[in-house]
Amino acid sequence: MSRIIVASNRVTDIDKAVQSGGLAVALEDALQTGRGLWFGWDGTTVDDDAAAGIRLQQYNGIRTATVPLSRRDYEEYYLGFSNRALWPTFHYRLDLAVYEHAFLEGYRRVNQRLAQSLAALIEPDDLVWVHDYHLIPLGDELRKQGVKERMGFFLHIPFPSPDFFTAIPDHAWLAETLFSYDVVGFQTATDASNFVRYAVEIAGGEALDGDRVRAFGKTTIARAFPIGIDPDSVYEMAHTPEADAQMARLQRRSMANMFVLGVDRLDYTKGLPGRMRAFKRLLELHPELMKRVTMMQISPPTREEVEAYTDIRQELEGLSGSINGEFGDFDWTPVRYIHRAIPRATLTALFRASQVGLVTPLRDGMNLVAKEYIASQDPADPGVLVLSKFAGAAEDLVEAITVNPYDANEVAEALHTALTMPTEERRERYEALIQRVRTNNVTRWREAFLEALRSAPSGRAS
Ligand code: GDG
């Protein structure tokens, strides 16, 4: 069986990463059973990159190969092009996008350097699986290094419509690099079709059968592979004696007996200010809910060196403070806002304890929180998912209450519907949703992608 080489921007401490969920869990099995290798940045920065070599380690049967970044690489490749240019553009926020020439050069340089380090580790018949927007040109750079093995790329965030993609200076170069992969995977059918539209309408290429698309004189496969979770492990974590105790403590300590829960990295794509405004609107429209419902928002910090992230933090602190000042009482706090990461076990207990999971991103590749919320529920008395139509998850989770996150009134009314929904309807929606979360689980995602890669026409995109 072929070895699997995973490349992602960040390789974290595997034990820690597996505990906190995410990509590490998804890939752990594949990496262990396939004698795999996980390659990427180790999260540190050094002054002099010339002195920094590749570091090989082994955890739990998984080999990692990591490199540090120089401070300049970190600024230009990571904070700059990846998070100031690509992240906002791919999330339809051209107003926040900063395109500096030095960022683009840094992005190219780092991808080239990473490819040089990785190429030396690739053996014949390996399958190379590259992840996310930081590393789009890595495959092309590997090809230039002479790598002929099968290579696939998976984009965790949305692929925007051509109008937005073409705002990126050198967009044709970036798009062309994707054609060096044998398979390009997206979260949703919409994302895949945006990519094909770019190839056909902007690059003058053509869509062929079997999800193949040809442009720039090369052919690749563009297909949706919706990412999922491991619902059984989430359910188990939400139903331990410790979780029971945490739920009881929450109910005891609170005047409100209903909770609306939001869990998102503090990112401007997640629609957090709009979510708080919608909760305020709920209290205005339905004052009978005062003192009966509390909104809990857990938002761990992220990318704090990018200004747009400090702005959103200030806005959110201002909003939660003003709602609490206006509506709160000595015995009731309407909004509880936590700007810290909390342990995964506590998180799943909170999912289970909350009558509503409120997931209202303005754009999101998939959104795993929506799936984790469903997986944590008690089947006899499940909560209700209120989900933005702009989350990739909305393409599949159609029994959620779907909302337009830009419309505070609509979200407020959806919250009211969710909080007053009869048990029978809650169960019906839950049964349909948990079925979907179980079917489109993380193992299926991984296996479907790897199968597509294994059976791709050739190891060398042609
Ligand atoms: C990107 C795409 C796509 C959050 N707070 C805490 C915590 N979390 C966990 C959640 C969930 C994960 O982090 C977040 O995943 P999401 O999918 O919701 O969002 P992104 O971080 O933006 O991820 C996204 C994803 O990649 C996968 O392809 O779905 O669209 O943007 O698992 O539970 N975990 C802990 N404490 C916290 O405070 N332990």
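This passage describes the domain arrangement, the interdomain interface, the ligand surroundings and the salt bridges of a predicted model.

The protein chain is divided into two domains, of which domain 1 is assembled from two segments, 4-228 and 443-455, while domain 2 covers residues 231-439. The C-alpha centres of domain 1 and domain 2 are separated by 31 Å. Across the boundary, 27 residues of domain 1 are in contact with 21 residues of domain 2. The size of an interface is often given as the accessible area lost when the parts come together. For domain 1 and domain 2 this buried area amounts to about 1,900 Å², with carbon and sulfur atoms giving 57% of the area.

Polar and charged interactions also span the two domains. Between domain 1 and domain 2 there are 11 residue pairs in polar contact, counting pairs in which both residues have pLDDT 80 or more. On the domain 1 side of this interface, helices α3 (71-90) and α8 (189-202) each supply at least two of the residues that touch domain 2, and the largest share, 8 residues, comes from α3. When the residues on this side of domain 1 are sorted by class, 13 are nonpolar, 10 are polar and 4 are charged. The count of salt bridges between domain 1 and domain 2 is 2. A salt bridge also joins the side chains of Arg 84 and Glu 307, with an N to O distance of 2.7 Å.

The ligand is surrounded by 22 residues, and the closest of these are His 156, Ile 342, Asp 364, Leu 368 and Glu 372. Ile 342 places a polar backbone atom 2.5 Å from a nitrogen atom of the ligand. Oxygen atoms of the ligand are approached both by a backbone and by a side chain: a backbone N or O atom of Asn 367 lies 2.9 Å from a ligand oxygen, and a polar side-chain atom of Arg 265 lies 2.9 Å from a ligand oxygen.

In the model, the count of salt bridges comes to 39. One salt bridge is formed by the side chains of Asp 264 and Arg 275, which meet at 2.7 Å, N to O. This pair links distant parts of the chain, with Asp 264 placed in the loop between β11 (258-263) and α11 (272-285) and Arg 275 placed in helix α11, the two residues being 11 residues apart.

Note on methods: Residues numbered from 1 in each chain as written. Predicted model: local features only at pLDDT ≥ 70, side-chain atom pairs only at ≥ 80, totals over all residues. Heavy atoms only, no water. Domains from an automatic or database assignment. Contact = heavy atoms within 4.5 Å. Buried area = accessible area lost by both parts, 1.4 Å probe. Salt bridge = Lys/Arg side-chain N within 4 Å of Asp/Glu carboxyl O. Polar contact = N/O pair within 3.5 Å; in protein donor to acceptor, adjacent residues only side chain to side chain. Helix = DSSP H or I, 4+ residues; strand = E, 2+ residues; numbered from the N terminus. Nonpolar A, V, L, I, M, F, W, Y, C, P; charged D, E, K, R; others polar. Near = heavy atom within 4 Å.
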